[in-house]
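Please consider the following protein chain with its overall architecture, its pockets and its charged side-chain pairs in mind. The discussion begins with the vocabulary needed for open space and then proceeds to individual residues.

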Amino acid sequence: KAMKRIIDGKTYNTETATKVCDTGNDLSIGFGHEDSALYITKKGAFFIAGNGGPMSRFARAESQDTWSGGSGIIPLDRGEAFEETMRCAGDWPEKIEKHFSDMIEDA
């Protein structure tokens, strides 16, 4: 499902961005469930788009002690995007090298 948001004067759109990797988890529907992906815009901005339960990063406060699931877009700075890509694309080093070649080096 396509998602588009304008955050701080910048448009984030899953239809025009490139998906880097899936960032969700394998949990079935539940409190911690998350169905999300990391994207990069044509101008090089990273964001996560998706939805999740009340214990996911998409949780929304209903009242002081009540949380519900939600959906949305979360912009990431380059460092956060690098960490997220290392986690979700660890088996595909070419994806990491494509977007973060300046942040990696030979061991």
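A pocket is defined on a 1 Å grid over the protein atoms alone: whereas a cavity is a set of points where a 1.4 Å probe fits but cannot get out, a pocket is an open set with protein on both sides within 12 Å along at least five of seven lines, and its lining residues have an atom within 4 Å of a point. Grid points are joined across faces, edges and corners, and the volume is the space filled by probe spheres set on the points. Rolling a probe the size of a water molecule over the atoms shows where empty space is left.

The model is a predicted one, in which local features need pLDDT of at least 70 and side-chain atom pairs count only at pLDDT 80 or more, while totals for chains, interfaces and linings use all residues. Residues are numbered from 1 along each chain as its sequence is written, and side-chain values use heavy atoms, with hydrogens and water left out.

The protein chain contains 2 helices and 8 strands, where helices (H or I, at least four residues) and strands (E, at least two) are DSSP runs numbered from the N terminus. Their order from the N terminus on is β-β-β-β-β-β-β-β-α-α. Along the principal axes, the C-alpha atoms of the protein chain fill a box of roughly 50 × 30 × 25 Å. Of its 107 residues, 36% count as buried; buried means under 20% relative accessible area, exposed over 50%, and partly exposed in between (1.4 Å probe, protein chains only). The protein chain exposes about 7100 Å², of which carbon and sulfur atoms supply 48%; such areas come from the Shrake-Rupley method with a 1.4 Å probe, and for residues only the protein chains shown count as cover. Among contacts (heavy atoms within 4.5 Å) with a separation of 6 or more, 36% are accounted for by residues 24 or more positions apart.

The largest pocket encloses about 250 Å³ of space. Its lining comprises 15 residues, and Lys1, Met3, Ala49, Gly50 and Asn51 lie nearest its centre. The elements that give two or more residues to this lining are β3 (18-22), β4 (34-40) and β5 (46-52), and the largest share, 4 residues, comes from β4. By character the lining divides into 5 nonpolar, 5 polar and 5 charged residues; here Ala, Val, Leu, Ile, Met, Phe, Trp, Tyr, Cys and Pro count as nonpolar, Asp, Glu, Lys and Arg as charged, and the others, Gly among them, as polar.

The second largest pocket holds about 210 Å³ of space. Its lining includes Lys10, Thr11, Tyr12 and Asn13, together with Thr41, Lys42 and Lys43. This lining divides into 3 nonpolar, 4 polar and 3 charged residues.

Charged side chains also pair with one another. A search of the whole structure finds 5 salt bridges, each a side-chain nitrogen of Lys or Arg within 4 Å of a carboxyl oxygen of Asp or Glu. In one of them, Asp22 pairs with Lys19, with the closest N and O atoms 2.7 Å apart. Asp22 is partly exposed at 49% relative accessibility, and Lys19 is partly exposed at 46%.

Which residues are linked in a network of salt bridges? The network consists of Glu34, Arg57, Glu84 and Arg87. Within it, Glu84 and Arg57 meet at 3.3 Å, N to O. Because Glu84 lies in helix α1 (residues 78-88) and Arg57 in the loop between β5 and β6 (60-63), this pair ties together parts that are 27 residues apart in sequence. Glu84 is buried, with a relative accessible area of 12%, whereas Arg57 is partly exposed at 35%. Glu84 also forms a salt bridge with Arg87 at 2.5 Å, N to O; both residues lie in helix α1, 3 residues apart, about one turn of the helix.

Two further residues deserve attention. Met103 is found in the segment after α2 (93-100) and is partly exposed at 33% relative accessibility. Leaving aside neighbours within four places in sequence, Met103 is in contact with Arg78, Gly79 and Phe82.

Most residues other than glycine have a negative phi. Asp8, although not a glycine, has a positive phi of about 50 degrees. Asp8 is placed in the loop between β1 (4-7) and β2 (10-13) and counts as exposed, at 78% relative accessibility.
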